[in-house]
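I opened this notebook to record what I looked up in the structure, beginning with its strands and ending with its ligand.

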Amino acid sequence: MKVWLDTAVLDEIREAVSWGVVRGVTTNPTHIANAGVTDFRAHILEIIEIVQGPVSVEVVSTDWQGMVREAEEIARWSPHVVVKIPTIIEGLKAMKIVKDFATINATLIFSPNQAYMAAAAGAHYVSPFVNRLDAIGHDGMQLVRDCLTIFRNYNWDREVVAASIRTSLQVYECLLAGSHIVTMPFSVLKGLMDHPMTEIGLKMFLDDWARVSAALGDALRGR
Ligand code: G3P
């Protein structure tokens, strides 16, 4: 499973990429607004420079012609750009055209049928929104599993991007389900490393080492 970061905050991306596990980034209009972006293109290019992998950039038109126009512009910025298109009927019309010149991430997917329709229209990535479904009493992870089953059933080379991730448990469930990709906020990624036993264990080791470091520490200092 590939890990992508769901943010447009450069410091978060820089930090997470330095951990060696982040392979891509997803942005959306909310992330762009929250990151206080002033130059859209320059900001996306900076993200690409840091992550050196696929970066999803969302169109904001609601008619297919506008979506295609935006996709043409965005796709020119870098081969790493993935055009994110909302899974509505106008979005399908746009996907049919955009697929011929750019890779598509179909966003705002809340049902297996929407995932099927987006993939059939040409989206390579489909993004089921896990937590937004959980939040209204549905099972977001079941949607991820259903998308995976659909692509397996028809031997499609599409990739499921589990999106709208808010908890470590959701990430764990994505791993067990075999999701191709999970995109998550920086706070969730960081939380994957939290374990009190690791902290306690490290403290014990270092306390014990402190008792002998005067005598043995030279070996670590190359003396
Ligand atoms: O970027 C798409 C998605 O992951 C955002 O979902 O629920 O975290 O706003 P949410």
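I began with one strand pair: β6 (residues 125-128) and β7 (residues 159-162) run parallel and share two bridges, and Tyr 125 sits opposite Glu 159 of β7. I noted that strands pair if DSSP finds at least two bridges between them, and that strands (E, at least two residues) and helices (H or I, at least four) are DSSP runs numbered from the N terminus.

I kept in mind that this is a predicted model, where local features need pLDDT of at least 70 and side-chain atom pairs 80 or more, while totals for chains, interfaces and linings use all residues. Residues are numbered from 1 along each chain as its sequence is written, and side-chain values use heavy atoms, without hydrogens and water.

I then followed the order β1-β2-β3-β4-β5-β6-β7-β8, which forms a closed barrel of eight strands with parallel pairing.

For the domains, I found domain 1 (2-192) and domain 2 (195-223), with bounds from an automatic or database domain assignment; their C-alpha centres are 43 Å apart.

Which residues are around the ligand? I listed Asp 6, Asn 28, His 31, Lys 84, Phe 129, Arg 132, Ala 163, Ser 164 and Arg 166, each with a heavy atom within 4 Å of the ligand.

I looked up three polar contacts (N or O atoms within 3.5 Å): side-chain atoms of Asn 28 at 3.0 Å, of Arg 132 at 2.7 Å and of Arg 166 at 2.8 Å from an oxygen atom of the ligand. The protein covers 90% of the ligand's own accessible area of 310 Å², computed by the Shrake-Rupley method with a 1.4 Å probe.

Key:
Polar contact = N/O pair within 3.5 Å; in protein donor to acceptor, adjacent residues only side chain to side chain.
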